[in-house]
Amino acid sequence: EELAALDVPWWTFDSAGLIDAFLAGRRGARVFEWGSGASTVWLARRSGRVVTVEHDLAWADVVRGLLPAGHVVDLQTVPAVPAVGAPGEVRSAKAGAEDLDFSAYVAAIDEHGEFDLIVIDGRAREACLACALPHLARDGVIVVDNVERRRYRDAIAASAAADDLDVTWTRGLTPGLPYPTRTALLRRGR
């Protein structure tokens, strides 16, 4: 809540600056986000429309109370369901979420078309990245936060190689944390 009041996303300051400049050059940008929070509020103030998907119903209610009036934000809740071992299930490696299926959460972007900016800052990030690529506008950007995790870096490297993506790795301070973190920005090769 404090970050939303300060008008900063919970990404590295460098990545926030790069995305702020990107959105300033794209009036009316369409944004999709997996994982809502301070970034949702920040993005709403800088873009034409934000579609954000949240798996945690209680957190979604908190975020709804923070959204700025007069901005178009479609906050959807798509909770995970118990995994049953069926084909097509998407699981998260997050502790405590290993037995949940996030396939509907990941596929939520499929209902919305193309986006100038796609933010991956929620569950099942590797699957979200794969699902994001067909929805990225020609000169769009994907933000993947907290890329300290090896599995995220591996998914980014594989996507970059397969889909002609340029990757900018940012490492530095993040609002509210006393240690540096990493955020990756992916853009189609020009």
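**Strand pairing, the largest pocket and selected residues**

Thr52 has Leu75 of strand 3 as its bridge partner. In this predicted model, the pairing belongs to a set of five bridges between strand 2 and strand 3 (residues 73-77), and the two strands run parallel. The connection between them involves helix 4: strand 2, helix 4 and strand 3 form a β-α-β unit that is right-handed.

Strand 2 (residues 49-54) also pairs with strand 1 (residues 30-34), again in parallel and through five bridges. Within this pairing, Phe32 is matched with Val51 of strand 2. The chain passes from strand 1 to strand 2 by way of helix 3, in a β-α-β crossover that is right-handed. Strand 2 is mostly covered, with five of its six residues buried. In general, the side chains of a regular strand alternate between the two faces of the sheet.

Helix 4, the helical part of the second unit, spans residues 57-66 and contains Trp59. The relative accessibility of Trp59 is 32%, so this residue counts as partly exposed, the class between the limits of 20% and 50%. Beyond residues up to four places away in sequence, Trp59 touches Ser36, Gly37 and Glu54. Trp59 and Gly35 are separated by 24 residues in sequence, and their C-alpha atoms are 9.8 Å apart in space.

The search for empty space gave the following result. Rolling a probe the size of a water molecule over the atoms shows where such space is left. The largest pocket holds about 660 Å³ of space. Its lining consists of 31 residues, of which Trp10, Ser36, Asp121, Arg125 and Asn146 are the closest to the centre of the pocket. Two or more lining residues come from each of helix 1 (2-6), helix 3 (38-44), helix 4 and helix 7. Helix 4 makes the greatest contribution, with three residues. By residue class, the lining of the largest pocket comprises twelve nonpolar, ten polar and nine charged residues. Ser36 thus appears in two contexts, as a contact of Trp59 and among the residues closest to the centre of the largest pocket.

Two residues other than glycine have a positive phi. For Ala124 the angle is near 50 degrees, and the residue is situated in the loop between strand 6 (115-120) and helix 6. Ala124 has a relative accessibility of 4% and therefore counts as buried, the limit for this class being 20%. For Asp164 the phi angle is about 50 degrees. Asp164 occupies the loop that lies between helix 7 (150-163) and strand 8 (165-172). With a relative accessibility of 52%, Asp164 counts as exposed, because this class begins over 50%.

His135 is located in a further loop, between helix 6 (125-132) and strand 7 (136-145). Its relative accessibility is 11%, so His135 counts as buried. When residues up to four places away in sequence are left out, the contacts of His135 are Ile109, Asp110, Gly113, Glu114, Phe115 and Ile118. Strand 6 covers residues 115-120, and Phe115 and Ile118 are among the residues that His135 touches.

Definitions and conventions
Residues are numbered from 1 along each chain as its sequence is written. This is a predicted model: local features need pLDDT of at least 70, side-chain atom pairs count only at pLDDT 80 or more; totals for chains, interfaces and linings use all residues. Side-chain values use heavy atoms; hydrogens and water are left out. Helices (H or I, at least four residues) and strands (E, at least two) are DSSP runs, numbered from the N terminus. Buried means under 20% relative accessible area, exposed over 50%, partly exposed in between (1.4 Å probe, protein chains only). Contact means heavy atoms within 4.5 Å. On a 1 Å grid over the protein atoms alone, a cavity is a set of points where a 1.4 Å probe fits but cannot get out, and a pocket is an open set with protein on both sides within 12 Å along at least five of seven lines; lining residues have an atom within 4 Å of a point. Grid points are joined across faces, edges and corners, and a volume is the space filled by probe spheres set on the points. Ala, Val, Leu, Ile, Met, Phe, Trp, Tyr, Cys and Pro count as nonpolar, Asp, Glu, Lys and Arg as charged, and the others, Gly among them, as polar. Two strands pair if DSSP finds at least two bridges between them. A crossover is right-handed if, with the strands pointing away from the viewer, the path from the first strand over the helix to the second runs clockwise.
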